[in-house]
Amino acid sequence: MVAADDAGRASDIAGKLGVEPGMVVQELGWDEDVDEAVRDAAEERAGDELLDEDADEVVDLVLMWWREGDGDLVDALVDAIGPLADNGVIWVLTPKTGRPGHVEPSEIAEAAPTAGLSQTSNVTVSEGWAGSRLVAPKAAKSRR
């Protein structure tokens with residue numbers, strides 16, 4: 001019964017992130033502190049392994065693990081946009097308040113438009129991580 005509960009939670013995580021079967025999902029910023037349940041849920045729902053930072057495929061969704069001290073968020077977002085499909089989504093996953101590496105939500109809110117993205121929602125993805133959903137604005141997509 002515990003396994004069924006775990007599976008339910010895992011699919012809920014992938015659902016919150018908008019992962020659908022057949023999607024190409026890239027992971028950026030992996031380190032030992034990431035939540036493996038989030039990674040596993042995304043892989044299970046997409047039906048394939050997560051692509052790493054060196055992949056050169058067009059991706060539907062990016063999971064970007066980001067912590068205070070990881071560098072310039074605008075630069076990282078611009079890099080993440082490169083392989084992103086026109087209707088793709090970037091999730092910036094940050095440690096929750098009070099945890100090591102916590103990033104102030106205002107930092108994401110300021111970085112997104114500078115990188116040409118709009119922040120559409122925030123969710124709790126796990127006990128230790130929060131996610132901010134970023135997309136290219138509709139007007140920018142039509143100009144591409």
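# Arg39, the sheet and Trp129

User: Which side chain is joined to that of Arg39 by a polar contact of 3.0 Å?
Analyst: The model is predicted. Arg39 is found in helix α2, residues 36-46. The partner lies in helix α2 as well, three residues from Arg39, about one turn of the helix. The polar contact of 3.0 Å joins the side chain of Arg39 to that of Glu36.

User: Is Glu36 buried, partly exposed or exposed?
Analyst: Glu36 has a relative accessible area of 35%. Buried means under 20% and exposed means over 50%. The value for Glu36 therefore makes this residue partly exposed.

User: Which residue in strand β1 forms a salt bridge with Arg39?
Analyst: This pair links distant parts of the chain, with Arg39 in helix α2 and the partner in strand β1, 12 residues apart. The closest N and O atoms of the salt bridge are 2.6 Å apart, and the partner of Arg39 is Glu27.

User: Are Arg39 and Glu27 buried or exposed?
Analyst: Arg39 has a relative accessible area of 15%, and Glu27 has one of 7%. Buried means under 20%. Arg39 therefore counts as buried, and Glu27 is likewise buried.

User: What is the N to O distance in the salt bridge of Arg67 and Asp70?
Analyst: Arg67 is buried, at 9% relative accessibility, whereas Asp70 is partly exposed, at 36%. Their side chains meet in a salt bridge, with an N to O distance of 3.0 Å.

User: Which residues do salt bridges with shared partners join into one network?
Analyst: Arg39 forms a salt bridge with Glu27. Arg39 also forms a salt bridge with Glu36. Sharing of partners gives one network of Glu27, Glu36 and Arg39.

User: What is the strand order of the open sheet?
Analyst: The sheet has five strands with mixed pairing. In it β4 and β5 run antiparallel and are joined by six bridges. The order is β1-β2-β3-β5-β4.

User: Which strands stand at the edges of the sheet?
Analyst: The sheet of five strands is open. An edge strand has a single partner strand, so one side is left without a neighbour in the sheet; this holds for β1 (25-28) and β4 (118-124).

User: At about what angle does α2 run to β2?
Analyst: Helix α2 covers residues 36-46. It lies across β1, β2 (59-65) and β3 (84-95), and the angle of α2 to β2 is about 175 degrees.

User: Which strands does helix α4 touch?
Analyst: Helix α4 (residues 105-114) packs on the sheet, and its direction makes about 20 degrees with that of β5. The strands touched by α4 are β3, β4 and β5.

User: Is the ring pair of Trp65 and Trp129 stacked, tilted or edge-to-face?
Analyst: The count of aromatic pairs comes to one. The ring centres of Trp65 and Trp129 are 4.7 Å apart, and their planes stand at 80 degrees. Planes over 60 degrees apart count as edge-to-face. The pair of Trp65 and Trp129 is therefore edge-to-face.

User: How many residues separate Trp65 and Trp129?
Analyst: Trp65 is buried at 0% relative accessibility, and Trp129 is buried at 5%. Trp65 lies in strand β2 and Trp129 in strand β5, so-called distant parts of the chain, and their separation is 64 residues.

User: Which residue has the backbone oxygen that the side chain of Trp129 reaches at 3.4 Å?
Analyst: Trp129 touches residues including Val34, Leu93 and Thr124. The C-alpha atoms of Trp129 and Val34 are 8.4 Å apart, with the two positions 95 residues apart in sequence. The backbone oxygen reached at 3.4 Å belongs to Asp33.

Key
Residues numbered from 1 in each chain as written. Predicted model: local features only at pLDDT ≥ 70, side-chain atom pairs only at ≥ 80, totals over all residues. Heavy atoms only, no water. Buried < 20%, exposed > 50% of the residue type's maximum accessible area, 1.4 Å probe, protein only. Contact = heavy atoms within 4.5 Å. Polar contact = N/O pair within 3.5 Å; in protein donor to acceptor, adjacent residues only side chain to side chain. Helix = DSSP H or I, 4+ residues; strand = E, 2+ residues; numbered from the N terminus. Pairing = 2+ DSSP bridges. Axes fitted to C-alpha atoms, helices over the stretch in contact; angles between N-to-C directions. Phe/Tyr/Trp six-rings, centres within 6.5 Å; stacked < 30°, edge-to-face > 60°. Salt bridge = Lys/Arg side-chain N within 4 Å of Asp/Glu carboxyl O. Lists of a residue's contacts leave out its neighbours within four places in sequence.
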